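Dear colleague,

I am passing on the structure we spoke about, and I would be glad if you could look it over alongside the notes below.

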Amino acid sequence: MVRSCEQGIPARVCVGTLLLLIHFHSATVTGAALKQEAALDNGATVLNHSMSLVQRMETLLAMGNSSDVTLRVQTVNTDEVKVIQAHSLVLTMQSDVFEEMLLLRNNSAVILRETPDCAAVFDKFVRYLYCGDISVRLDQAISLHKLASKYHVWGLQQGLTQYMTQHLSSESPTGHVVGWYNYALQIGDMALRDSCLQYLSWNLSSVLQSGEWGSISEDLLLSLLQRSDLILQSELELFEALEAWISLNQPVSVTVESALRSVRYGMIPPQHLFRLQKQSPLMLKYYESIRDLLYLAFQFHSASPIQLAKYFDVNCSIFTPRNYLSSSWGSPWVINNPTRDDRSFSFQTQLGPSGHDSNKRVTWNALFSPRWLPLSARSTYTELGAMQPTRTDGGRPRIIVTPATSSPDFAGVSFQKTVIVMARQQGKVVVRHVYNFHQSTEEAGDFLVDADLQRRSSEYLIDSSLYLHIVIKPLYHTLLVARK
């Protein structure tokens with residue numbers, strides 16, 4: 001279990017304070033459980049003094065009483081040595097790695113060699129073996145995870161993985177998500193890696209403005225640039241951030257060209273493309289590498305998409321929007337007291353990213369219902385025409401987004417609708433969930449299916465309100481005609 005403390009940055013990772021009793025002997029534990037169960041059946045009261053046991057164990061470690069093993073923790077490439085008086089019984093119960101070391105030792109001292117970051121937190125690690133709890137800061141998570149993995153303390157390892165997954169949005173001076181992503185990639189923890197990658201993708205605008213952006217590796221940068229689910233203000237914002245990253249990291253030309261060719265220039269309005277061509281040092285230097293993409297983008301903006309689709313494949317990434325938050329692509333929607341009743345909302349978006357469609361608008365109607373019921377569970381009529389009431393307790397939240405009108409301009413265009421749900425985590429507003437549904441469907445079938453909006457403290461609510469952002473992504477389709 002992970003619970004936050006000290007202003008949300010440290011946490012207590014608890015996997016049971018009675019590990020010593022639990023692991024001492026399985027038969028003893030089983031017998032104790034049976035005795036306790038019988039006592040409860042007889043109406044007896046259980047006296048729990050486990051905390052005092054933990055305190056005595058902590059004192060035992062601190063004083064070194066009855067110690068039979070000395071841990072000499074040497075910091076690699078330094079003369080620094082940390083000495084800890086410990087007890088072989090505790091170490092062997094908690095770690096099979098320690099058990100093997102102690103069996104092979106020649107004297108009472110065990111020499112351990114650790115990197116500086118792991119040596120700095122080794123006393124915390126040993127205390128966990130005695131007490132079953134540990135205080136963790138963001139900058140200590142990786143070091144403690146390394147120790148838990150190295151010495152096979154699996155409960156601590158799992159607790160730290162959970163801690164990192166739950167504290168991606170915590171504030172830190174230099175950022176920590178990129179470091180956790182790289183570490184997860186290194187050790188092969190795909191679940192943690194994917195959680196970090198999703199956080200970076202869904203909160204990219206804030207990441208671009210942070211000091212963490214400059215520390216992103218080349219591989220992670222190129223991976224992010226390929227994604228269509230990035231949530232950010234605009235493609236122009238992404239290009240400018242890319243320019244800043246290249247200026248800071250000075251990668252080789254091959255990396256720069258790959259990154260620049262991943263920018264979706266068709267999503268940048270032509271007036272901004274003209275400015276970049278003349279004022280961006282990066283574009284001026286690598287113009288020849290991306291000239292074909294810029295030429296295609298200008299064609300895209302100048303011609304009718306229907307005409308363009310006759311000659312070009314408009315299903316490629318350069319013509320595919322990401323999740324842009326600017327007003328041309330959607331609108332925020334704050335729903336106060338979302339369990340009260342149905343709500344409706346109208347907004348407009350640009351028909352498509354093409355400059356040809358820049359002055360054409362589509363009006364959208366959105367309907368939110370906190371307790372929608374499937375057709376089979378709705379009210380029915382009797383033979384006399386009286387409507388039978390239906391309980392709404394089993395209903396679930398529903399959102400429907402539809403165009404207010406149809407138009408011939410819609411030909412060759414389909415609309416992917418994306419509903420972004422915001423939440424506050426560790427005091428910071430972040431993306432909690434993203435729901436996608438297409439033109440052929442009016443709603444997302446799993447919308448807030450696991451959310452408990454009745455609770456004022458629901459993780460899906462901010463100050464008792466539901467914070468949404470609806471994004472409309474127009475997608476052009478290649479027409480089935482012979483190429484000329």
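What follows covers confidence, one sheet and the nonpolar cores.

This is a predicted model, in which local features need pLDDT of at least 70 and side-chain atom pairs count only at pLDDT 80 or more, while totals for chains, interfaces and linings use all residues. Residues are numbered from 1 along each chain as its sequence is written, and side-chain values use heavy atoms, with hydrogens and water left out.

The protein chain has a mean pLDDT (the predictor's confidence in each residue, from 0 to 100) of 84, with 84% of its residues at 70 or more. Over residues 1-34 pLDDT stays under 50, and the model has 73 contacts (heavy atoms within 4.5 Å) beyond four places in sequence for them; pLDDT is also under 50 over residues 375-393, for which there are 19 such contacts.

Four strands (DSSP runs of E, at least two residues, numbered from the N terminus) make up an open antiparallel sheet in the order S9-S17-S15-S16, where two strands pair if DSSP finds at least two bridges between them. Its edge strands are S9 (330-336) and S16 (428-437). Strands S15 (residues 413-425) and S17 (residues 465-476) are joined by nine bridges, and valine 419 has isoleucine 470 in S17 as its bridge partner.

The largest nonpolar core (buried Ala, Val, Leu, Ile, Met, Phe, Trp, Tyr and Cys residues joined through side-chain atoms within 4.5 Å, buried being under 20% relative accessible area with a 1.4 Å probe, protein chains only) has 123 residues, of which Leu71, Phe122, Phe125 and Tyr265 touch the most other members. Domain 1 (64-167) and domain 2 (323-372 + 395-476), with bounds from an automatic or database domain assignment, both give residues to this core, so it lies between them.

With best regards

Methods: Buried means under 20% relative accessible area, exposed over 50%, partly exposed in between (1.4 Å probe, protein chains only).
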